[in-house]
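Hi everyone, thanks for making time this morning. I'd like to walk you through one structure, so please have a look at it before I start talking.

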Amino acid sequence: MEVLVDHEMSHVKTAGPLEWVEQDGEIVKWTWRKPANALYDAKRDRYVREQEGIDPLLKIDELRQTQLHIARMGSMCSDGRLYYYRSIVCVGNGRGLVGFGVGFGESPKEARADAALKALQHMEFVDLDRARTLNTPVYGREYGSHFKIIGRPIGRGIRANRKFLPILYLIGLDNCRVTFPKHESKWFTRIRAIRRALDMIQSRRTMANATGKKYSLLVAPGSHWVHWPDRWFRPIFKEHKERIAKIKEERKRTFRKGFRSTVHPVLPSEVKPEVPYYAWKTPLYKYYKQTKLKRAKELASADLAKTSDVTTNSTGSAIALPVKLGGDRQQQQQQLTY
């Protein structure tokens, strides 16, 4: 019986939320067990969660930060109205390591420093492919905030609103088009939408490990495209500008000034008939060209037969005999005068 009681008491002492204080083999008092990752605050008489530290292996000198938003806030307390500043900061190294933080302080400088410290404590890794396009478009949404990333061919760069470019550079995005909602939204929901979209990005290495396919077979539209340098096309662009200037001068001479100024007239020299031989042609257009060529051959053979039916009379004058042509053409009889 004593062994059973001792076993139950040891179980209660170790498994329960209390710590028993014994003195001379007797329980004198008890205290609450200290929670894990918590510190005791004597001022508030409670345990508070211990703040997360910064990863000691993190290279701080490679990180950059940008301030997304700052506002002057106010609150009412027993001492009166208090004013402070709230700052939202994004920290990243431009290679897929990024973090967002919200800080508070009595001055804008202190609020930004606090936000940067909190961003360092909540760094996340984005599974990106270096110098490659995105496998699939990604989309993140949080209430009214939307964040969409669509891949572009290699060499095309980033296409987004200029005020969001610092965030995209810190994330490490490239060769993509990024869209935000047109209407104004709060940065708190916008950051959550960005995080949800970044969590959906998967690199080709991750997909190869998950599916068992070869890394070289995982390609996306635009992975093998290369954007040629613009300097290669400057001579062609110069010729194009000269041709446009010449066309504008011809327009001035052809159309009098002020005539239908809202309509851009087109000169006959600007319009090229038919489709170029090097252009891709639809099956319907190919069928149209074949039927047109076949019809032209039939008309040519009919004209040849018509000329062969022309005979001469005894006086040497040519006389045309009636010729029957197929298709939609009616029978015609042409007579040549003597």
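I'll go through the core, the aromatic residues, the salt bridges, two backbone angles and a surface patch.

One thing up front: what you see is a predicted model.

Let's begin inside. In soluble globular proteins, nonpolar side chains tend to be buried together. Here, the largest nonpolar core has 28 residues. If you want to find its best-connected members, look for Phe147, Ile149, Leu173 and Ile201, which have the most contacts inside this core. Which elements give two or more residues to it? On the strand side they are S6 (80–92), S7 (97–105), S10 (145–151) and S12 (176–179), and on the helix side H3 (165–171) and H4 (187–199). Helix H4 gives the most, with 6 residues.

Keep Phe147 in view for a moment, as that residue also belongs to an aromatic cluster, together with Phe164, Phe180 and Trp187. Trp187 has a charged partner as well: the charged end of Arg190 sits over the Trp187 ring, 4.7 Å from the ring centre. There is a second arrangement of this kind elsewhere, where the charged end of Arg72 sits over the ring of Tyr83 at 4.2 Å from its centre.

Staying with rings, the structure holds 5 aromatic pairs. Let me pick out Tyr285 and Tyr288: their ring centres are 6.1 Å apart and their planes meet at 45°, so this pair counts as tilted. Where do the two tyrosines sit relative to each other in helix H7? They are 3 residues apart in that helix, which spans residues 283–308, and that puts about one helical turn between them. Their surroundings are worth a look too. Tyr285 is buried, at 18% relative accessible area, and the cut-off for buried is under 20%. Tyr288, on the other hand, is partly exposed at 41%.

Now the salt bridges. A search of the whole structure finds 5 of them, and I'll show you three.

The first on my list joins Arg95 to Glu62, with the closest N and O atoms 2.7 Å apart. Arg95 is in the loop between S6 and S7, while Glu62 is in the loop between strand S4 (46–49) and strand S5 (64–77), so the bridge ties together parts that are 33 residues apart in sequence. Both ends are partly exposed: Arg95 has a relative accessible area of 43%, and Glu62 has 31%.

Next on my list is Glu142 with Arg196, at 2.9 Å from N to O. This pair links distant parts of the chain, 54 residues apart: Glu142 is in strand S9 (residues 138–142), and Arg196 is in helix H4. You'll remember H4 as the element that gives the most to the core. Is each partner buried or partly exposed? Glu142 is buried, with a relative accessible area of 10%, whereas Arg196 is partly exposed at 44%.

The last one I'll show is Lys118 with Asp114, where the closest N and O atoms are 3.6 Å apart. Here both residues lie in helix H2 (residues 108–121), 4 residues apart, or about one turn of the helix. Lys118 is partly exposed at 28% relative accessibility, and so is Asp114, at 22%.

On to the backbone. Most residues other than glycine have a negative phi, and most peptide bonds are trans. Which residues here have a positive phi without being glycine? Tyr143 is one of them, with a phi of about 55°, and Asn175 is another, with a phi near 55°. Tyr143 lies in the loop between S9 and S10, and Asn175 is in the loop between H3 and S12. Their accessibilities are at opposite ends: Tyr143 is exposed at 66%, but Asn175 is buried at 5%.

Finally, let's go to the surface. Met1, Leu4, Val5, Met9 and Ile27 make a nonpolar patch of about 500 Å². Which element gives the largest share of that patch? That would be helix H1 (residues 2–15), with 3 residues. Leu4 is placed in this helix, if you'd like somewhere to start when you turn the model around.

That's my tour, and I'm happy to go back to any part of it.

Conventions: Residues numbered from 1 in each chain as written. Predicted model: local features only at pLDDT ≥ 70, side-chain atom pairs only at ≥ 80, totals over all residues. Heavy atoms only, no water. Patch = residues over 30% accessible without salt bridge, like charges linked within 9 Å, V, L, I, M, F, W, Y side chains within 5 Å. Areas by Shrake-Rupley, 256 points an atom, 1.4 Å probe, with all protein chains shown as cover. Salt bridge = Lys/Arg side-chain N within 4 Å of Asp/Glu carboxyl O. Phe/Tyr/Trp six-rings, centres within 6.5 Å; stacked < 30°, edge-to-face > 60°. Buried < 20%, exposed > 50% of the residue type's maximum accessible area, 1.4 Å probe, protein only. Lys NZ or Arg CZ within 6 Å of the ring centre and 35° of its normal. Core = buried A, V, L, I, M, F, W, Y, C linked by side-chain atoms within 4.5 Å.
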